[in-house]
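Subject: Structure handover

Hi there,

Here is the structure I promised to pass on to you. Have a look at it first, and then read on for my notes.

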Amino acid sequence: MSALHLSFFSAFTLSGLGLAFHRTHLISALLCLESMMLSMYVALSMWPIQTQMASATLLPILMLAFSACEAATGLALLVASTRTHGSDHLHNFNLLQC
């Protein structure tokens with residue numbers, strides 16, 4: 001495994017660990033998800049360069065579009081939950097209640 005692959009893998013793993021263990025605020029969970037998407041974007045951007053395959057150059061742009069949609073949805077949920085519950089603490093949310 002090269003140093004480039006190791007750095008992308010470690011960034012993704014650290015983001016996943018941050019998502020798993022630091023679940024007090026919704027904004028910290030959203031930031032961990034965004035860092036996971038960023039590491040995947042950079043890895044997908046470097047993949048066609050390493051393999052000299054021009055057909056895979058559309059994948060990073062497509063993933064960046066989905067990442068922007070995910071960020072917008074997450075921020076909308078953050079604003080809506082802060083307005084209704086008063087804070088963004090995840091322990092205040094009851095997901096089973098309508």
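What covers the buried residues of helix 3? Helix 2 is part of that cover. Before I go further, please keep in mind that this is a predicted model.

**The chain as a whole**

The protein chain has three helices and zero strands, so you will read the pattern α-α-α along the sequence. The radius of gyration is 17 Å, whereas a compact globule of 98 residues would have one near 13 Å. Along the principal axes, the C-alpha trace spans about 50 × 25 × 20 Å. Buried residues account for 21% of the 98 residues. The accessible surface comes to about 7,000 Å², and carbon and sulfur atoms hold 75% of that. If you take the contacts between residues at least 6 apart in sequence, 55% of them join residues at least 24 apart.

**Helix 2**

Helix 2 covers residues 26-51. At 1.5 Å a residue, its 26 residues should span 38 Å, and the end C-alpha atoms are indeed 38 Å apart, so expectation and model agree. The buried residues here are L26, A29, L30, C32, M36, M37, S39 and P48. Their cover includes helix 1 (3-21) and helix 3. Just after helix 2 comes Q52, with a positive phi of about 55°.

P48 deserves a closer look. Its relative accessible area is 11%, which is under the 20% cut-off, and therefore P48 counts as buried. Setting aside residues up to four places away in sequence, P48 touches M53, A56 and T57. L58 is ten residues from P48 along the chain, and the C-alpha atoms of the two are separated by 9.7 Å.

**Helix 3**

Helix 3 runs over residues 58-85. The same check works here: 28 residues at 1.5 Å each should span 40 Å, and the end C-alpha atoms lie 40 Å apart, which agrees. P60, M63, S67, G74, L78 and S81 are the buried residues of helix 3. After the helix comes G86, where phi is positive, near 90°.

Is S81 buried or exposed? S81 is buried, because its relative accessible area of 10% falls under 20%. A polar atom of the S81 side chain lies 3.1 Å from the backbone oxygen of L78, and L78 is itself among the buried residues of helix 3. Not counting neighbours within four places in sequence, S81 is in contact with L26, G86, S87 and F93. Of these, L26 is one of the buried residues of helix 2, and G86 is the residue with the positive phi that follows helix 3.

**What the record says**

UniProt, in an unreviewed entry, places the feature "transmembrane region" at residues 28-49 and 61-80. In the model, residues 28-49 are 100% helix and 0% strand, with end C-alpha atoms 32 Å apart. Residues 61-80 are also 100% helix and 0% strand, and there the end C-alpha atoms lie 29 Å apart.

If you want a place to start, try the surroundings of S81, with its contacts to L26, G86, S87 and F93, and then turn to P48 with M53, A56 and T57.

Best wishes

Methods:
Residues numbered from 1 in each chain as written. Predicted model: local features only at pLDDT ≥ 70, side-chain atom pairs only at ≥ 80, totals over all residues. Heavy atoms only, no water. UniProt positions renumbered as here; feature names shortened; annotations may be inferred. Helix = DSSP H or I, 4+ residues; strand = E, 2+ residues; numbered from the N terminus. Buried < 20%, exposed > 50% of the residue type's maximum accessible area, 1.4 Å probe, protein only. Polar contact = N/O pair within 3.5 Å; in protein donor to acceptor, adjacent residues only side chain to side chain. Contact = heavy atoms within 4.5 Å. Rg over C-alpha atoms; globule rule 2.2 N^0.38 Å. Areas by Shrake-Rupley, 256 points an atom, 1.4 Å probe, with all protein chains shown as cover. Expected span 1.5 Å × (residues − 1).
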